[in-house]
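Good morning, and thank you for coming. I shall describe one structure, beginning with a contact between two helices and then turning to the chain around it.

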Amino acid sequence: MTIVIDHPDQLGAAAEQKVAKAVVENHPDDAAAADEAEELVLDGGIVVVPQPENFAALQINSFGQSFRDYEAEGARQPGVENFYRTQHINQCVDFVKRMRKEYGMLNRVEMSIWECCEFLNDVVDESDPDLDEPQIEHLLQTAEAIRKDYPNEDWLHLTGLIHDLGKVLLLPSFGGLPQWAVVGDTFPVGCAFDESIVHHKYFSQNPDFKNAAYNTKYGMYLEGCGLSNVLMSFGHDDYMYLVAKENKTTLPSAALFIIRYHSFYALHKSGAYKHLMNEEDTENLKWLHVFNKYDLYSKSKVRIDVEKVKPYYLSLIDKVYFYFLFSSWKYIYVTN
């Protein structure tokens with residue numbers, strides 16, 4: 001299964017005229033926002049607005065435990081650990097190269113963005129200790145939390161909605177890949193596995209673990225080579241990134257960075273692998289830190305009224321943005 005996106009060109013100069021206005025409209029009473037905005041200007045003239053002070057980050061997940069506590073006892077803990085054992089054994093350089101080649105082919109069946117979201121009703125992420133609801137709930141929880149705090153940043157709402165759509169790879173009608181090949185924390189392959197990666201001990205059974213070409217700090221990479229030149233463990237993140245990149249999407253580089261690295265917790269939580277980053281990665285990481293608060297801490301048992309919010313997200317797909325025009329996006333899947 002692969003995905004293609006059809007869309008018009010970005011709006012260009014018209015987008016940049018809205019940047020300053022967007023900062024003021026999001027935080028009209030925040031004098032510090034203007035001072036901080038200059039430091040957070042990214043490619044395309046988009047500004048990262050500082051995190052609202054009233055952001056309500058949940059302290060416990062839907063099971064009454066701390067977020068991302070992989071040692072906490074519970075009904076899902078054994079299954080989550082077994083997932084990571086299998087993932088860490090199998091995600092190696094050869095596997096990633098093979099999967100990227102196979103799923104980098106873009107053709108066949110058409111499906112709209114919203115239809116793709118609805119397909120996720122049948123998906124539960126076995127790697128996630130914080131959530132056992134269908135994935136469409138998580139997409140909407142993330143997007144709605146962002147929408148609440150950043151009502152004028154339409155492109156970021158859409159990024160929240162689509163960031164996990166690659167999880168349809170789990171479904172039988174789209175190839176039925178095993179969970180370990182689709183979900184879970186991601187990490188670079190082709191260099192040493194950092195100890196901050198959850199359940200690191202299982203990497204000892206990975207074929208790359210004792211390969212001298214891959215088991216050093218830099219492995220097959222150079223310092224500052226840029227994360228776009230680094231092979232990541234294959235999954236829904238890298239798949240969606242490939243889809244956008246191969247179709248010359250007009251999404252800003254920060255959005256693509258969010259899509260590809262939102263599960264790369266060793267980087268954005270533990271600070272590992274920064275020796276492989278370039279300047280663009282450093283700037284885009286600021287966006288990811290903003291997004292991650294909503295991706296992680298919006299998970300709860302509070303249900304989203306799908307039919308109530310559906311018209312808004314359908315309008316996002318068709319409307320003219322401040323920065324980009326997304327009209328008639330189409331997802332095209334390949335089933336083997």
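Let us begin where two helices touch. On one side of this contact are L140, A143, E144 and R147, which belong to α7, and on the other side are V306, V309, Y312 and Y313 of α13. Sorted by character, the residues of this contact are six nonpolar and two charged, with no polar ones. I should say at once that this is a predicted model.

How do the two helices lie with respect to each other? The angle at which α7 packs against α13, residues 306-318, is about 65°, and their axes are 12 Å apart. Their crossing is left-handed.

It helps to recall a general rule at this point. An α-helix has 3.6 residues a turn, so residues three or four places apart point the same way. Please keep that rule in mind when you look again at the residues that α7 brings to the contact, namely L140, A143, E144 and R147.

Now consider α7 by itself. Does its length agree or disagree with the span expected of a helix? Helix α7 has 15 residues, 135-149, and at 1.5 Å a residue they should span 21 Å; the C-alpha atoms at its ends are 22 Å apart, which agrees.

As for its surroundings, α7 is mostly covered, with 12 of its 15 residues buried. Among them are L140, A143 and E144, three residues that also take part in the contact with α13. Other buried residues of α7 include Q135, H138, I146 and D149.

Two further residues deserve attention. The first topic is N284, which is found in helix α12, residues 279-297. Its relative accessibility is 3%, and therefore N284 counts as buried. In sequence, N284 and F257 are 27 residues apart, yet in space their C-alpha atoms are 6.5 Å apart.

The next topic is S263, in the loop between α10 and α11. Is S263 buried or exposed? Because its relative accessibility is 8%, S263 counts as buried. Beyond its neighbours within four places in sequence, S263 is in contact with G184, D185, T186, H236, D237 and H268.

Finally, the whole chain. The protein chain contains 13 helices and two strands. Of its 336 residues, 57% are buried. If we take contacts between residues at least 6 apart in sequence, 79% of them join residues at least 24 apart. The accessible surface comes to about 14400 Å², and carbon and sulfur atoms account for 50% of this surface.

Thank you for your attention.

Methods: Residues numbered from 1 in each chain as written. Predicted model: local features only at pLDDT ≥ 70, side-chain atom pairs only at ≥ 80, totals over all residues. Heavy atoms only, no water. Helix = DSSP H or I, 4+ residues; strand = E, 2+ residues; numbered from the N terminus. Expected span 1.5 Å × (residues − 1). Buried < 20%, exposed > 50% of the residue type's maximum accessible area, 1.4 Å probe, protein only. Axes fitted to C-alpha atoms, helices over the stretch in contact; angles between N-to-C directions. Left-handed = near helix turned anticlockwise from the far one by under 90°. Contact = heavy atoms within 4.5 Å. Nonpolar A, V, L, I, M, F, W, Y, C, P; charged D, E, K, R; others polar. Areas by Shrake-Rupley, 256 points an atom, 1.4 Å probe, with all protein chains shown as cover.
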